[in-house]
Amino acid sequence: MILGSLDHQETGPWATVSDDVLARLDLDTAQARGLPNAAFTDPSFHELERARLFPRTWAFAAPASLVPEPGDVLPITVAGRPVFLARARDHSVRVFHNVCPHRGARLVTDELHGKAVLTCPYHAWSYGLDGTLHGRPHYHGPKMHQTRCNSSPEEARLFEIRSETWHDWVFVNLDGRAGAFEEFIAPVVREFDGHDLSVFRRSEDAMRFEFQSNWKLVVENYCDFYHVFAVHPELDVAMSDEVRRAMWPGGCHMFNGYSFEGASSGISVEQADLDLPKQPGLRDDLANSMVFGLVFPNFAINVYPESVQAVLFEPVAHDRTIMHMWFYYVGDAARASQFSKQRARLYSDWAGLNAEDEGICRRLQEGRTCEAYDGGRMAPYWDKGTIHYHRQIALAVRQEGAFAAGS
Ligand code: FES
Ligand SMILES: [Fe+2]
């Protein structure tokens, strides 16, 4: 149940983001406490996030390149809501609620190609991929059709969702009241300033990984460089100690990075000889390093000189998350067969890494059933990001700060 006012914040899911909880998130990292267990174990808090957090901000939807050609249509879900992506005739990517405005039938069930219009199977109302109404057969009675010529195409258009595309990544603002996307993404653009993300093309490799844990634990773990020495020994060896940084915030987002021994996108030392083209003209100080960004709330990118991994964290239930990972390479290296071995190697290394994290995330979820755990004891150097992230979750659910309507 969603309560409308923070007056009720001492009860139910609201207690999870109460003033006291927020005050403890404001303390120095070593003294701070993370979100209470209920934020990870209570289905009603999951509902609260679904109703207030995801709609209020810019949530990641999918790569635009999944609908490369005009006429391509792809049904997906965003925070549990059925929506679809469509590439319109003018090449723009549009996002719509996946429902017919007439009597509410689900409009799209499968990936489609070469579509000029979408026709609802129930009464055959049809729509262009820009959302405009094309026709309504027998609308005024038998054989009395309504067409584009005798109606206003805006009259019963599809329910469009506010969306923006940054490089290959489509973001949506479900409630239509978030601030400008340019402001939302500006800290991310700044952090990746030295990189040329426009040269990257998506390969056909896509990873889907299921975690038996709350989506926030999967995100937290993904952002946590502290556990690398204990959980990912191969990656640990590849990372240089000199430039292994803890998370730093940028708006509601956060970032970190490391430099690696050798000269590649490798996430294990064996990969130091990966022979893949690099971003042209990359600055010297970035030639042997990786920059990571968590684009709040549900998107992450790892940017290496030769590759990018783009990650969507999809909350499915309070204790179940699907992680989607797409792999990008410089220009033709994304598809050319001469690089297939390198791509396969990177893919399998990431599969191994994610499998190592799966068990850890399950333990994190299990640990949140212990009543003694009260938000944790944080490591001052490493857990700044954990606390920053929890604070953004609390503010978003409360719809305050950067998440207040129109800010
Ligand atoms: S519900 Fe789609 S045309 Fe009637
Ligand atoms: Fe990990």
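The following exercises, with worked solutions, concern aromatic contacts and cysteines in a predicted model.

**Exercise 1.** Classify the ring pair formed by Tyr 381 and Trp 382.

*Solution.* The search of the whole structure returns 27 aromatic pairs. For Tyr 381 and Trp 382, the ring centres are 4.8 Å apart and the planes meet at 85°. Centres within 6.5 Å qualify as a pair, and planes over 60 degrees apart count as edge-to-face. The pair is therefore edge-to-face.

**Exercise 2.** Assign an exposure class to Tyr 381 and to Trp 382.

*Solution.* Buried requires under 20% relative accessible area, and exposed requires over 50%. Tyr 381 has 43%, so this residue is partly exposed. Trp 382 has 22% and is therefore also partly exposed.

**Exercise 3.** Determine which charged residue sits over the ring of Trp 125, and which lies over the face of Phe 40.

*Solution.* Over Trp 125 the residue is Arg 136, whose charged end is 4.7 Å from the ring centre. Over Phe 40 the residue is Lys 216, at 4.9 Å from the centre of the ring.

**Exercise 4.** Establish how many disulfides the structure contains, and examine Cys 252 and Cys 370.

*Solution.* The search of the whole structure yields zero disulfides. For Cys 252, the nearest cysteine sulfur belongs to Cys 223 and is 12 Å away. A disulfide needs sulfur atoms within 2.5 Å, so Cys 252 is in no disulfide. For Cys 370, the closest cysteine sulfur is in Cys 361, at 17 Å, which is too far for a bond. As to exposure, Cys 252 is buried at 11% relative accessible area, whereas Cys 370 is partly exposed at 43%.

Key: Residues are numbered from 1 along each chain as its sequence is written. Chains are lettered from A and ligands numbered from 1 in the order in which they are written. This is a predicted model: local features need pLDDT of at least 70, side-chain atom pairs count only at pLDDT 80 or more; totals for chains, interfaces and linings use all residues. Side-chain values use heavy atoms; hydrogens and water are left out. Rings of Phe, Tyr and Trp (its six-membered ring) pair if their centres lie within 6.5 Å; planes under 30 degrees apart count as stacked, over 60 as edge-to-face and the rest as tilted. Buried means under 20% relative accessible area, exposed over 50%, partly exposed in between (1.4 Å probe, protein chains only). A charge sits over a ring if NZ of Lys or CZ of Arg is within 6 Å of the ring centre and within 35 degrees of the ring normal.
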